[in-house]
Amino acid sequence: MIKTITDIFPPADIYERELEDLLGAKVDGLGDGKRYPLPDDWPKGEYPLRKDWKAANKKKETTQDA
């Protein structure tokens with residue numbers, strides 16, 4: 001877990017949200033807010049920049065929903 005630095009450098013908020021959204025890193029002390037950069041309807045637990053994430057699975061779910 002990473003401790004937030006937004007109390008020292010408030011603009012770090014956007015970068016910390018990006019870490020959580022794309023890599024799944026937990027930032028301790030990060031306030032509530034919108035997700036960034038992924039859309040709000042992106043599935044929880046899906047981190048597209050992780051090495052083990054499979055894009056093929058995501059495409060398959062999207063085409064079945066249509």
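Here is a short walk through the model above, from the whole chain down to a buried glutamate and a surface patch.

The model is predicted, so local features need pLDDT of at least 70 and side-chain atom pairs count only at pLDDT 80 or more, while totals for chains, interfaces and linings use all residues. Residues are numbered from 1 along each chain as its sequence is written, and side-chain values use heavy atoms, without hydrogens and water.

Let's start with the fold. The chain has 2 helices and 2 strands, running β-α-β-α from the N terminus; these are DSSP runs (helices H or I, at least four residues; strands E, at least two). Of its 66 residues, 21% count as buried, meaning under 20% relative accessible area with a 1.4 Å probe and only protein chains considered.

Now look at Glu16, in helix H1 (residues 12–23). Glu16 is buried but has no salt bridge (a side-chain nitrogen of Lys or Arg within 4 Å of a carboxyl oxygen of Asp or Glu). Its nearest side chain of opposite charge, Arg17, is 7.5 Å away; here Lys and Arg count as positive, Asp and Glu as negative, and His and the chain ends are not counted. What does the side chain of Glu16 reach at 2.9 Å? The backbone nitrogen of Ile5.

On the surface, Ile2, Leu19, Leu23 and Leu49 make a nonpolar patch of about 320 Å². Patch residues have over 30% relative accessible area and no salt bridge, with nonpolar side chains (Val, Leu, Ile, Met, Phe, Trp, Tyr) joined within 5 Å and like charges within 9 Å; areas come from the Shrake-Rupley method with a 1.4 Å probe, and for residues only the protein chains shown count as cover. Ile2 lies in strand S1 (residues 2–3).

Methods:
Buried < 20%, exposed > 50% of the residue type's maximum accessible area, 1.4 Å probe, protein only. Polar contact = N/O pair within 3.5 Å; in protein donor to acceptor, adjacent residues only side chain to side chain.
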